[in-house]
Amino acid sequence: MTQVAFSYGKFCIPTKGHEAVMARLEEFDARMRFVTHTGPADKVIHLERAFGGLFIVSPKSIFDILADIHLKGYSDVIFVHGMDRRELYKSLLKYNGKAYYNFDCLCSAPVPRKENDISSTELRQFAKERDKESFKQGVATKIAENKEWLEELWEYTIRNYDVEPVESN
């Protein structure tokens, strides 16, 4: 029996919620962190600053990634994810043994959303409103605590996510 835990997502702007997912993933001996290829290419720099370690940028779907994990000989797979990915997990489970992967155990390790977690969508809105203080409250801790990294992430968000300032009346 070989086990691996993995995460998968866009991770466009590293948030405290993503931080909780990465912390949960660290509890497993074997782990992989996949990030979709969508979005700006330099987003991985911010992810590695926020969470350390290696992120695998993949143009593949999560189903293709599971097929690759299966081909590498893993029998037990744990999908570590936020609560917003529960339906995705159900889809993964539905195809276990029927398509390109067949695991003895395809498990889910959801990380509950905390009341004060701020999503990447909300962070983009703060950038649009030029509310840097609220933006800072939602980004991953290591970035929030480093003025240079925070400034780079702020500029990156404004530059890459088309967040023109909101017109004031």
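**Helix α8, the loop at Thr15, and the central sheet**

In this predicted model, the residues of α8 that are buried are Leu150, Leu153, Trp154, Tyr156, Thr157 and Ile158. The cover over these buried residues includes α2 (43-51), α5 (120-128), α6 (132-138) and α7 (141-144). Helix α8 itself spans residues 147-160, 14 residues in total, and its first and last C-alpha atoms are 20 Å apart, close to the 20 Å expected at 1.5 Å a residue. The N-terminal end of α8 is capped by Asn146, which places a side-chain oxygen 3.1 Å from the backbone nitrogen of Glu148.

The sheet is open and consists of five strands in the order β3-β2-β1-β4-β5, with parallel pairing. The edge positions are taken by β3 (56-58) and β5 (105-111); each has a single partner strand, so one side of each is left without a neighbour in the sheet. From one strand to the next, the twist averages 30°. Strands β1 and β4 (residues 76-82) run parallel and are joined by four bridges. Within this pairing, Gln3 has Asp76 of β4 as its bridge partner. Helix α3 (residues 62-71) lies across β1, β2 (31-36), β3, β4 and β5, and runs at about 160° to β1.

The loop between β1 (3-9) and α1 (16-25) contains Thr15. Thr15 counts as buried because its relative accessibility is 4%, under the 20% cut-off. The side chain of Thr15 makes a polar contact with the backbone nitrogen of Gly17 at 3.2 Å. When neighbours within four places in sequence are left aside, Thr15 is in contact with Phe51, Ile118, Ser119, Ser120, Leu123, Gly138, Val139 and Ala140. Among these contacts of Thr15, Phe51 falls within the residue range of α2 (43-51), while Ser120 and Leu123 fall within that of α5 (120-128).

The count of disulfides comes to one. This disulfide is formed by Cys105 and Cys107, whose sulfur atoms are 2.2 Å apart. Both cysteines are partly exposed: Cys105 has a relative accessible area of 27%, and Cys107 has one of 26%. By contrast, Cys12 is buried, because its relative accessible area is 12%, under the 20% cut-off.

Methods: Residues numbered from 1 in each chain as written. Predicted model: local features only at pLDDT ≥ 70, side-chain atom pairs only at ≥ 80, totals over all residues. Heavy atoms only, no water. Helix = DSSP H or I, 4+ residues; strand = E, 2+ residues; numbered from the N terminus. Expected span 1.5 Å × (residues − 1). Buried < 20%, exposed > 50% of the residue type's maximum accessible area, 1.4 Å probe, protein only. Contact = heavy atoms within 4.5 Å. Polar contact = N/O pair within 3.5 Å; in protein donor to acceptor, adjacent residues only side chain to side chain. Disulfide = S-S within 2.5 Å. Pairing = 2+ DSSP bridges. Axes fitted to C-alpha atoms, helices over the stretch in contact; angles between N-to-C directions.
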